[in-house]
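User: I am new to this structure and would like a close look at one part of it. Please take a single aromatic residue as the starting point and work outward from there.

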Amino acid sequence: MHFLDQAKIFIRSGAGGPGAVSFRREKYEQYGGPDGGDGGKGGDILFEAVTGLNTLIDFRYTQHFRAQRGIGGMGKNRTGAGGKDLVVKVPVGTQVIDDDGETVLLDLTEPGQRVVLLRGGDGGRGNLSYKSSTNRAPRQSGPGWPGQEMYVWLRLKLLADVGLVGLPNAGKSTFINQITNTKAKVGDYAFTTLRPQLGVVRHRNREFVLADIPGLIAGAAEGAGVGDRFLGHIERCRVLIHLIDINGTDPAEALHIVQDELEAYGGGLDEKPRLIALNKIDTVDAELVSAFRAELRGAGARRVFPISGATGKGMTALLDAVLEHLPAATATERPDGEMEVAEDQKPWSPI
């Protein structure tokens, strides 16, 4: 399935049905009179957040959504049927943004959340409603109110408890593959991850969702590399894990590069708790690990966790620290303490 986190669509609510012009003509009725009914209301445009969707790819092929218009009124004072509402189903975490690309109209963060964005037009008045003491036989009716229409942007921000950030080739894909059942692509070159990855982590009878995004490089906020467009997927995370390759760029420099890009992006990312993980310690000796760990602390890192994404070494301490920043129950954990996972979900076993 292709991942798409942004789409532009056109929506239009239904117009109201016209009122009817009608007069009674019944046997044995000495006096007739107007009996035209009102038109029906047009259908609304609603947005609903549903589970089971994690991409906006469907909106690449279907971009126009129009609700049904109301049915016209009829004689015998019969009101026309209302138009059917149109429900646009989107993944949980989707924002509906005005055509200007900045004004957030809706933010759908709860499964089952349903909100009316465009209301259908009211039906027109039938000629019966125009009858008065001075106008006994009106021949006028209302045409029905028009619906509303607009272009909107859909922007998906994945709902995850923990976000994974770092420079390219820091070992993020290997890390998420180690502790979840995700099958992220791993390669010995930069930007093997081109779209966000989600995985479910089980640790000490707890469960949380981990999001991995493509690597950041200096200047990502200005569009370098894959840019910072995917940082929106970790805006809702409670804590970030910053992976640093012990064999790569100077660890202190790697720390500052990612910190600068988070600050440049904004959205409060630079204020989120961040756990520094010094990765690939299985490739060097303990003395070098201690030296780099001290260097990172001197560069401003409060907590540094030496780990190996390939072997799983040091993961227990890191995941324990993650749990300290999570609520009593995450969105994927049930109130009774059970966890909603697939049967083939790989649990994390402390090493």
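Analyst: A suitable starting point is F65, whose relative accessible area is 14%. Buried means under 20%, so F65 counts as buried. The model is a predicted one, and the values given here are computed from it.

The ring of F65 is paired with that of F59. Their centres lie 5.8 Å apart and the angle between their planes is 50°, which makes the pair tilted. F59 has a relative accessibility of 6% and is therefore buried.

F59 leads further into the interior. Leaving aside residues up to four places away in sequence, F59 touches A7, I9, V88, K89, V90 and L154, in addition to F65. F59 also belongs to the largest nonpolar core, which has 54 residues. Together with I11 and F47, F59 is among the residues with the most contacts inside that core. Helix α3, which covers residues 251–265, supplies the largest share of the core, namely five residues. A second core, separate from this one, has 23 residues, including I179, L210, L243 and L275. As a general background, nonpolar side chains in soluble globular proteins tend to be buried together.

The pair of F59 and F65 may be set beside another. Across the whole structure, a search finds two aromatic pairs. In the pair formed by F10 and Y151, the ring centres are 5.0 Å apart and the planes meet at 55°, so this pair is tilted. F10 belongs to strand β1 (residues 6–12) and Y151 to strand β10 (residues 149–156); the two are 141 residues apart, and the pair thus links distant parts of the chain. The partners have separate settings: F10 is buried, at a relative accessible area of 7%, whereas Y151 is partly exposed, at 41%.

Y151 has a further neighbour, since K8 lies over the face of its ring, at 5.3 Å from the ring centre. A comparable placement involves R125, which lies over the face of Y130 at 4.1 Å from the ring centre.

Burial can also be followed along a helix. In α5, which spans residues 315–323, seven of the nine residues are buried, so that the helix is mostly covered. The buried residues are M315, T316, L318, L319, A321, V322 and L323.

To return to the starting point, F65 is a buried residue in a tilted pair with F59, and F59 in turn is part of the largest nonpolar core.

Conventions:
Residues are numbered from 1 along each chain as its sequence is written. This is a predicted model: local features need pLDDT of at least 70, side-chain atom pairs count only at pLDDT 80 or more; totals for chains, interfaces and linings use all residues. Side-chain values use heavy atoms; hydrogens and water are left out. Buried means under 20% relative accessible area, exposed over 50%, partly exposed in between (1.4 Å probe, protein chains only). Helices (H or I, at least four residues) and strands (E, at least two) are DSSP runs, numbered from the N terminus. Rings of Phe, Tyr and Trp (its six-membered ring) pair if their centres lie within 6.5 Å; planes under 30 degrees apart count as stacked, over 60 as edge-to-face and the rest as tilted. A charge sits over a ring if NZ of Lys or CZ of Arg is within 6 Å of the ring centre and within 35 degrees of the ring normal. A nonpolar core is a set of buried Ala, Val, Leu, Ile, Met, Phe, Trp, Tyr and Cys residues joined through side-chain atoms within 4.5 Å. Contact means heavy atoms within 4.5 Å.
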